[in-house]
Each structure stands twice: as C-alpha cells, then as structure tokens.
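User: Please take me through the strand pairing and the charged contacts of this model, and state the criteria used.

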Amino acid sequence: MVRTAVAEAAAMAARHPRRIAATVLTVLAGFGVTAIAIAPLAPDAADLPRRLVTEVVEPEAIAPQLEALAGHELKLERSEVTRANDTADSLLRRLGLRDPAVAAWLRTDSIAKRLFSGRPGKMVSVSLDGQGQMQRLVARFPVDAEGSGQMSHFWRLTVEDSPAGLRSSIIAAPLESHVRLASGTIRSSLFAATDDAGVPDAVAVQMTEMFSTEVDFHRELRKGDNFSVVYETLMADGEPVAWNEGVGRVLAAEFVNASKTHQAFWFNEGKGGYFDANGKSKKRAFLASPLEFSRVTSGFAMRFHPILRTWRAHLGTDYGAPVGTPVRVVGDGVVDFAGVQGGYGNVVQVKHSGDRMTVYAHLSRMDVRKGQRVEQGQRIGAVGATGWATGPHLHFEFRINGAHQDPLRIAKASETLELDSSQRPKFAQLAQRYQTKLDVADDLRGLAGRVD
C-alpha cells in the first residue's frame, strides 16, 4: 500500500512539475516574509548622522601644581616583625627611622619596653612625616603569653610624638575573626595532606590534639583517611596576624580513620572545650602526649638499649624533638621532684590523683619546683639531652602505684566529662550549624581552603 502511494506521487510529479515548483516557492516565500517580520527595527548605523567635535584643552600651569603638591602632607608607612635578638636601634633601623630620642624612649619607658620582652614576632608599623620624623609607632602582639593566637584580643602598643613629647599607651583590642573551610585526604602523612589542602600546620596540630585519645597519629593513620575542618583566620586592625600562622581556634573538625568517623565541636561555655556530637567532652584527665604532635622514636616495649647495648624493657615513650621544645604536664597535679637524677638527667616528676605519677626526663631546663601545683597543658620544662641520652629527646613515663603503664592506653581510658542537660539544647544548635559547614568543607576536597 505504501509503495502504491509513493508510485502515484512520483507519477503526479512527473505530470505537473511546474505546479509543484510554484507551490514550493510559495511556501519558501512565506518563510521569507516571516523572517522579515521578526527582523530588528533599529535604523542602519550607516544612515545615522555623524559630526566631529573639537575642544581645546588647556593644561594647568606647572607652578600651581607644584604649590599644591608642596602643601600636601606626605606620610610614609613602614612595617616590620620583631626578631629574637632585636634592640631598639636594630628595629628602628629596619623601619627606616634613625632617631636617638625614639630609641632611648623604647629602651627606658616602662610601656614601650614591652616591645622587646616576651616572644618575638610582634607586628610593628611606623608612620613618618615628609621630613622622616616619627609621628606614630604601633606594635600588635597576642595577649596570651605563649603566642598561640587563640585569644579574642591582642595588645596594641602605641608610641606617639605629641607637642608635649613622646608618650606610650597600651590597650587590649578585639581580634577580627574570619571562618575558613577545608578538607583533605591522607596519602602519606597528616601534614602532607594539610599542605595539599592549604591548611596551616597550626590547624593540623590542633586537630591532633582534639583527636589524640581516639586516633594514634603516629601509628594508626591509613592511606585514604580524610578530614574536614572549620577554623578561624585572625586579623588585627585589618592586618593578618603574624603569630601562630595567622590562625586562631579550630571550631569544628571531622576525621575519618580506618572508616570510623570522629567529630569535635568547640563549645564556649565557661573555659570552653571540644565535645563530640553527643555532648561528650573530648578532654580527658590526661593528655595523650607531653609534647605537641611529634614523632615517637621509641615506644612502650622491649628494645635494644643504645648505651648499655643490651635488650631490656623500655618502660616509657621517647619523643624526638629539638632542644628547647616545650614540655607540658599531661594532667593536673603537684610537682613531686624537680632536679638531677642519674641517667634521667634533669627530670620532673608530677603526682596526680589516684596514686598516679608522670615522669619527664632528659630536660634541658626545668620551669617548675617541688611542691608547685600544675594544671594540664602547663609548661614544665624543655626537651634536652641530659643524662644518658644519645640525642635530644623527651623520655616520658606513666606510673600507677609505682608500676609502669602505657601512657597512650591510660590517656584513652582516663575519665571525661559530659555536658549537663541545661547546656545540651544550645550545644545541639551549635553542632548542627558546624555540621553544615563541615559538609560544605567536604565538598571542597582537593581544593585549597575557602573563606565561608
């Protein structure tokens, strides 16, 4: 049937070729009319009138311009960061200011002298007039003595030149905080992964602290483990802070280790602390390590003693670190001994509740004395190589009723706290807000940190 219809159409086309051609042209003409109907109605640019406008511009005379420039008050701003061996003269020299009166003021004024006390890394800026005379010097540095940058304020120290002479002042000003999100995947090490994600080392160290009693970052990391983090970046008077890599506190973090998810959220009630999604504190009675994240060189096990040349039990944990690295007490307690003790060299022993004691040996310095009460995280000395030590490291022991215990196992099993019922609704809202940010951070995996 179809073949018959096609054959009849072909025969008709053969009998009436001109009629069919005229019909096709009519249809095409209809399309052409339609195209013309929707064409733009704007006039052709070639038909628009054109005209040339000429105007003479007279430049202003040079003399008035020079006079105006001479009347303009010039001001030069220069910035520097203090160094460990800085003096008033060396700092001012780097700032381009050679003024004996200012240098003498920085050396003798009780407020100005704080510029050279404590930790280096203070942000200093100076304003000079057109003659190179100082108008104002401002130094900005963290309120907390250790310079962790995790406080809400910074010191603003100002030295000004007034008609009455130089004067100094210092106030605590609020830091500006911006939230940043990031995530990454472990390929070789935690710090390699945070570097790839554009996350500062200071943030990585905080994450190890938050999860130290759940994840052994020395021995339990697996390729493919991943993390998401929400943290603060800090500004002082609109300038990124120079201390602690410009970051403040980690606000929330998630770490997936061996397919197990660990979470921590900062909750600022009272002293503030980190809690998991169920409101259980991440802080335990004992820290997992007396040092910030460091490599374990000898664990709690049998070993070949490098000096005695015999196999014997190693009843503690050794942490390799440079001389001078701060050593902190792992729990609240009272110093039972601080002095020299045979092969231990300089050693500090701290008594804790429940007949527990911790030992910190081979120290280069001791910052506590016998009978002194200490709080968890407080600095008690510094890494050294005193006593029987083949190199700088900290030897750390944990004893219960005189018996040596594995410090990491004790830290994981130590007591913890939970939020009370009155705080839980507020915490739940906060945790949900941070969880949303962590989910966004996870979507950024493989990219550098982004500001929220």
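Analyst: A salt bridge is a side-chain nitrogen of Lys or Arg within 4 Å of a carboxyl oxygen of Asp or Glu. The model is predicted: local features need pLDDT of at least 70, side-chain atom pairs count only at pLDDT 80 or more, and totals for chains, interfaces and linings use all residues. Residues are numbered from 1 along each chain as its sequence is written, while side-chain values use heavy atoms, with hydrogens and water left out.

User: How many salt bridges does the structure hold?

Analyst: Side chains of opposite charge can pair when their charged atoms come close. One network of such contacts links Glu 80, Asp 86 and Arg 94. For the structure, the number of salt bridges is 12.

User: Glu 160 and Arg 136 meet in a salt bridge; how many residues apart in sequence are the parts that the pair ties together?

Analyst: The N to O distance between the side chains of Glu 160 and Arg 136 is 3.5 Å. Glu 160 belongs to strand 4 (residues 153-162) and Arg 136 to strand 3 (residues 134-142), so the contact ties together parts whose separation in residues is 24. Strands (E, at least two residues) and helices (H or I, at least four) are DSSP runs numbered from the N terminus. The separation asked for is thus 24 residues.

User: Is Glu 160 buried or partly exposed?

Analyst: Buried means under 20% relative accessible area, exposed over 50%, and partly exposed in between (1.4 Å probe, protein chains only). Its salt-bridge partner, Arg 136, has a relative accessible area of 36% and is partly exposed. The relative accessibility of Glu 160 is 26%, so this residue counts as partly exposed.

User: With which residue does Asp 237 form a salt bridge?

Analyst: In the contact made by Asp 237, the closest N and O atoms are 2.6 Å apart, and the partner is Arg 140. The pair links distant parts of the chain, 97 residues apart: Asp 237 is in the loop between strand 7 and strand 8, and its partner is in strand 3. Asp 237 is partly exposed, with a relative accessible area of 33%. At 14%, the partner is buried; it is Arg 140.

User: What phi does Asp 237 take in the hairpin of strand 7 and strand 8?

Analyst: Strand 7 and strand 8 (residues 239-240) pair in the antiparallel sense over 2 bridges, where pairing requires that DSSP finds at least two bridges between the strands. Met 235 has Pro 240 in strand 8 as its bridge partner. The hairpin has 2 residues between the strands, and Asp 237 there takes a positive phi near 55°.

User: How many of the residues of strand 7 are buried?

Analyst: In a regular strand the side chains alternate between the two faces of the sheet. Both faces of strand 7 are covered, with residues including Val 230 and Leu 234 on one side and residues including Phe 227 and Tyr 231 on the other. Strand 7 (residues 226-236) is largely enclosed by the rest of the structure, because the number of its residues that are buried is 11 of the 11.

User: Over how many bridges do strand 6 and strand 7 pair?

Analyst: Strand 7 is also joined to strand 9 (residues 247-257), antiparallel, by 7 bridges, with Val 230 opposite Ala 252. On strand 6 (residues 176-185), Ser 183 stands opposite Ser 228 of strand 7. Strand 6 and strand 7 run in the antiparallel sense, and their bridges number 10.

User: What separates the C-alpha atoms of His 178 and Val 247?

Analyst: His 178 is found in strand 6. Its relative accessible area is 35%, so it is partly exposed. His 178 and Val 247 are 69 residues apart along the chain, and their C-alpha atoms are separated by 9.4 Å.

User: Which residue of strand 23 is the bridge partner of Arg 365?

Analyst: Strand 21 (residues 363-366) and strand 23 pair in the antiparallel sense over 3 bridges. Strand 23 (residues 379-383) has 4 of its 5 residues buried, so it is largely enclosed by the rest of the structure. Strand 17 (residues 326-328) is also joined to strand 23 by 3 antiparallel bridges. In strand 23, the residue that is the bridge partner of Arg 365 is Ala 382.

User: Which residue meets Arg 365 in a salt bridge?

Analyst: Arg 365 is partly exposed, at a relative accessible area of 45%. The partner is likewise partly exposed, and its relative accessible area is 28%. The two side chains meet at 2.6 Å, N to O, and the partner is Asp 367.
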